[in-house]
Amino acid sequence: MSVVTTASTSKDISRRFTMMICDDSNIIRRKIERELNIDRLEVVASAANGRIAVETFTRQPVDVVTMDITMPEMDGIECVKKLVQIKPDVLILVISALSDKATAIEALKSGANGFLCKPFSDWQLTEALEELLRGAQ
Ligand SMILES: [Mg+2]
């Protein structure tokens, strides 16, 4: 007899995650969405800067966020701090250029969970996000 349950535990490998993409470049946002190849991770929102990301996240607090650093209106550092205040267990992957490295380290100190350098390949993106999800289990 099989037991069907909708309850998921933190150890459940089949747990599904929602994701928001935050980057001021439309090209990068589309690239992340297109190259993302993880069945249990679903992109449900995107934001063109930190301010929009905070507004969207307040309405719909997703599980995972990819975060650019250099953006108009509100940068990635400030945005990470605000998202973590709203939902402390949010998983944030900073995706930023090497020239932003010192700032990316600051983002990690502010509550981000991982860092991926631009430019990145589809498998690097998948690997970085898989690592992030493993950290959640
Ligand atoms: Mg940018």
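# A walk through the fold

Of this protein's 137 residues, 29% count as buried. Keep in mind as you click around that the model is predicted.

**Stop 1: the whole chain.** Start with a cartoon view, coloured from the N terminus to the C terminus. You should find five helices and five strands, and following the sequence takes you through them in the pattern β-α-β-α-β-α-β-α-β-α. If you like contact maps, here is a number to go with the picture: among contacts with a separation of 6 or more, 63% join residues 24 or more positions apart.

**Stop 2: threonine 18.** Now select Thr18, which belongs to strand β1, residues 17-22. Is this residue buried, partly exposed or exposed? Threonine 18 is partly exposed, because 15 other C-beta atoms lie within 10 Å, and a buried residue would need 20 or more. Next, add Glu42, Val44, Val62 and Asp63 to the selection: these are the contacts of threonine 18 once neighbours within four places in sequence are set aside. For a distance label, pick the C-alpha atoms of threonine 18 and valine 44; they are 26 residues apart along the chain and separated by 6.2 Å.

**Stop 3: helices α2 and α3.** Show residues 50-59, which form helix α2, together with α3; their axes come within 9 Å and cross at roughly 10°. Angles under 35 degrees count as roughly parallel, so α2 and α3 are roughly parallel to each other. The crossing of α2 past α3 is right-handed.

Turn on side chains here. On the α2 side, select Gly50, Ala53, Val54, Phe57 and Thr58; the α3 residues they meet are Gly76, Glu78, Cys79, Lys82, Leu83 and Ile86. Colouring this contact by residue class should give six nonpolar, three polar and two charged residues.

**Stop 4: isoleucine 77.** Stay on α3, which spans residues 76-86, and select Ile77. What makes this residue count as buried? The reason is its 22 C-beta neighbours inside 10 Å, given that the cut-off is 20 or more. To see its contacts beyond four places in sequence, add Ile69, Thr103, Glu106, Ala107 and Ser110. A last distance label can join isoleucine 77 to serine 110: the two are 33 residues apart in sequence, with 7.0 Å from C-alpha to C-alpha.

**Before you close the viewer.** Put Thr18 and Ile77 on screen together: threonine 18 is partly exposed, whereas isoleucine 77 is buried.

Note on methods. Residues are numbered from 1 along each chain as its sequence is written. This is a predicted model: local features need pLDDT of at least 70, side-chain atom pairs count only at pLDDT 80 or more; totals for chains, interfaces and linings use all residues. Helices (H or I, at least four residues) and strands (E, at least two) are DSSP runs, numbered from the N terminus. A residue is buried if 20 or more other C-beta atoms lie within 10 Å of its own, exposed if 12 or fewer, and partly exposed in between; C-beta atoms are placed from the backbone. Two residues are in contact if their C-beta atoms, placed from the backbone, lie within 7 Å. Axes are lines fitted to C-alpha atoms, for helices over the stretch in contact, and angles run from 0 to 180 degrees between N-to-C directions. Angles under 35 degrees count as roughly parallel, over 145 as roughly antiparallel, 65 to 115 as roughly perpendicular and the rest as oblique. A crossing is left-handed if the near helix is turned anticlockwise from the far one by less than a right angle, and right-handed if clockwise. Ala, Val, Leu, Ile, Met, Phe, Trp, Tyr, Cys and Pro count as nonpolar, Asp, Glu, Lys and Arg as charged, and the others, Gly among them, as polar.
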